[in-house]
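Dear colleague,

Here is the structure I said I would pass on to you, and below it you will find my notes on what turned up in it. Please read them with the coordinates open.

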Amino acid sequence: MTHLPDMTAEYRPLGRTDIRVSPVAFGAWPIAGMTSIDVNDADSLATIAACLDVGINFLDTAYCYGPNGESERLIARAIGANRDRVVIATKGGIHWGPDGAQTLDGRPETLRRECEESLRRLGTDRVELLYLHAPDPKTPIAESAGELKRLMDEGKTRSVGVSNVGVEGLAQFHAVCPLAAFQPPYNMLQREIEADSLPWCRERNISVMVYWPLMKGLLAGKLARGHVFDPRDGRRKYPMFSGEEWEKNQDFVDHLRAIAAEIGKTVAQVVVNWTIHRPGVTAALCGAKRPAQLRENAGAMRWRLSAEHLARIDRAIAERGTPITRGAVRS
Ligand SMILES: NC(=O)c1ccc[n+]([C@@H]2O[C@H](COP(=O)([O-])OP(=O)(O)OC[C@H]3O[C@@H](n4cnc5c(N)ncnc54)[C@H](OP(=O)(O)O)[C@@H]3O)[C@@H](O)[C@H]2O)c1
């Protein structure tokens with residue numbers, strides 16, 4: 001392991017901008033309380049406020065994080081006068097329908113209205129990064145990209161990104177609006193982007209901000225094999241948390257537990273450290289709802305796994321094979 005002392009020494013550029021982000025980012029979905037249980041405002045506010053103490057300057061939220069934008073509102077409350085010390089990314093293009101279902105709407109007028117509402121909730125006149133959350137099958141991606149470019153030209157966002165698209169979507173978007181960031185799912189067991197979109201972004205200096213680095217807590221290593229999920233816990237619906245998949249995932253986490261114990265780190269720190277040092281990955285968006293989780297995840301920065309441990313992780317990943325992960329909702 002090698003250690004870096006300075007809190008900001010590892011910060012990385014956001015695309016081609018002069019904005020620099022911590023490689024571990026705070027993912028603000030769990031504090032929205034829609035799939036996580038035991039969420040409360042006091043813990044959420046303390047978690048956001050702790051970001052700056054632990055060297056995390058990058059906050060990832062979205063218009064749809066919470067039935068009424070609770071995640072963005074909590075960020076505004078917690079950050080207050082420290083606005084200039086953080087990089088805020090939000091997303092538009094998904095909202096909750098009256099039936100509680102996710103609705104994709106990438107029409108220009110919707111993206112503009114959601115951006116303006118997000119800025120009001122966040123108590124700011126511009127964000128550093130605004131993503132199209134997911135392409136809307138009813139709206140050509142070029143139309144959505146065109147509106148995000150206009151919002152950037154008007155100064156409502158410093159840069160633009162897109163999430164949940166493939167290479168074709170990235171190229172179509174980038175042709176209309178220069179992309180600073182791409183946000184796909186990625187972790188030790190979900191590595192599809194390595195085949196195409198990750199190298200595509202790398203060649204173009206587009207940052208890749210990966211979500212689910214901890215696979216919704218599975219790779220944090222704290223869920224014991226015999227864990228019984230609370231009926232309100234949104235993770236119950238994912239195949240990776242049940243049956244044979246769960247057993248195989250636990251076998252895999254056992255390998256990580258052994259490595260973590262050898263180097264005096266936690267499983268989550270090993271996993272996030274591995275993630276942020278993958279070529280082309282700019283930041284890992286780590287969801288958290290308690291300050292202790294945030295501190296632990298921040299402890300994945302400023303050191304590196306040895307070649308020997310990386311090789312052991314490679315072998316464990318190969319042994320695990322591809323997990324079944326379908327059945328997820330976007331967050
Ligand atoms: N663009 C998109 O469509 C999209 C989709 C998904 C996520 N995201 C972004 O990516 C972020 C990360 O995704 P996520 O929050 O769903 O998943 P995640 O980061 O993979 O996992 C978050 C969960 O893992 C557990 N956890 C985190 N740190 C831990 C620690 N140190 N020890 C033990 N458990 C820990 C917590 O669960 P418990 O405390 O509940 O056990 C937490 O709610 C989101 O917050 C969001 O910003 C974007």
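**The ligand shell and what surrounds it**

Strand E13 (281-287) and helix H9 (291-298) each supply at least two residues of the shell around the ligand. Please keep in mind throughout that this is a predicted model. In all, 30 residues surround the ligand, and the closest of them are Gly27, Trp29, Tyr211, Gly217 and Gly287. By character, the shell divides into 13 nonpolar, 11 polar and six charged residues.

**Helix H1**

Helix H1 covers residues 41-53, and its length is what one would expect, because 13 residues at 1.5 Å a residue should span 18 Å and the end C-alpha atoms are 19 Å apart. Its buried residues are Ser44, Thr47, Ile48, Ala50 and Cys51. Seen down the axis of H1, these buried residues fall within an arc of 160°, so they line one face of the helix. On the face turned away from that buried side, H1 carries the exposed residues Ala42 and Asp53. As for what the buried residues pack against, the partners are strand E4 (24-27), strand E5 (58-60), helix H2 (70-79) and H9, and H9 is one of the elements that also contribute to the ligand shell. Just after H1 comes Gly55, which takes a positive phi of about 85°.

**Strands E6, E9 and E10**

Strand E9 (residues 129-132) pairs on both of the sides described here: with strand E6 (residues 87-92) in the parallel sense over four bridges, and with strand E10 (residues 160-163), likewise parallel, through three bridges. Between E6 and E9, Ala89 stands opposite Leu129. Between E9 and E10, Tyr131 stands opposite Gly161, while the bridge partner of Leu132 is Val162.

The side-to-side pattern can be followed in both E9 and E10. From E9, Leu129 and Tyr131 point one way and Leu130 and Leu132 the other way, and all are buried. From E10, Val160 and Val162 point one way, with Gly161 and Ser163 pointing the other way, and again all are buried.

Leu14 belongs with this part of the account, since its contacts include Leu129 of E9. Leu14 sits in the loop between strand E2 (12-13) and strand E3 (20-21), and it counts as buried because it has 25 C-beta neighbours inside 10 Å. Leaving aside residues up to four places away in sequence, Leu14 touches Ile19, Val21, Val87, Glu128, Leu129, Ser159, Ala180, Ala181 and Ser207. By contrast, the C-alpha atoms of Leu14 and Ile37, which are 23 residues apart along the chain, are separated by 32 Å.

**Two residues with unusual backbone angles**

Most residues other than glycine have a negative phi, and against that background two residues deserve a look. Trp212 has a phi near 60°, a positive value in a residue other than glycine; Trp212 is placed in the loop between strand E12 (207-211) and helix H7 (243-263). With 25 C-beta neighbours inside 10 Å, Trp212 counts as buried. Arg302, although it is not a glycine, has a positive phi of about 70°, and Arg302 is found in the loop between H9 and strand E14 (303-304). Arg302 has 19 C-beta neighbours inside 10 Å and therefore counts as partly exposed, the cut-off for a buried residue being 20 or more.

**Helix H10 and Trp96**

Helix H10 (residues 307-320) has 14 residues and reaches 20 Å from its first C-alpha to its last, close to the 20 Å expected at 1.5 Å a residue. H10 is hardly covered, for the count of buried residues among its 14 residues is one. Just after H10, Gly321 takes a positive phi of about 75°.

Finally, Trp96 lies in strand E7 (residues 94-96) and counts as partly exposed because it has 15 C-beta neighbours inside 10 Å. Not counting residues up to four places away in sequence, Trp96 touches Cys64, Pro67, Gln102 and Thr103. The C-alpha atoms of Trp96 and Pro137, 41 residues apart along the chain, are separated by 16 Å.

With best regards

Key
Residues are numbered from 1 along each chain as its sequence is written. This is a predicted model: local features need pLDDT of at least 70, side-chain atom pairs count only at pLDDT 80 or more; totals for chains, interfaces and linings use all residues. A residue is near a molecule or strand if its C-beta atom, placed from the backbone, lies within 6 Å of it. Ala, Val, Leu, Ile, Met, Phe, Trp, Tyr, Cys and Pro count as nonpolar, Asp, Glu, Lys and Arg as charged, and the others, Gly among them, as polar. The expected span of a helix is 1.5 Å times one less than its number of residues. A residue is buried if 20 or more other C-beta atoms lie within 10 Å of its own, exposed if 12 or fewer, and partly exposed in between; C-beta atoms are placed from the backbone. The arc is that of the directions from the helix axis to the C-beta atoms. Two residues are in contact if their C-beta atoms, placed from the backbone, lie within 7 Å. Two strands pair if DSSP finds at least two bridges between them.
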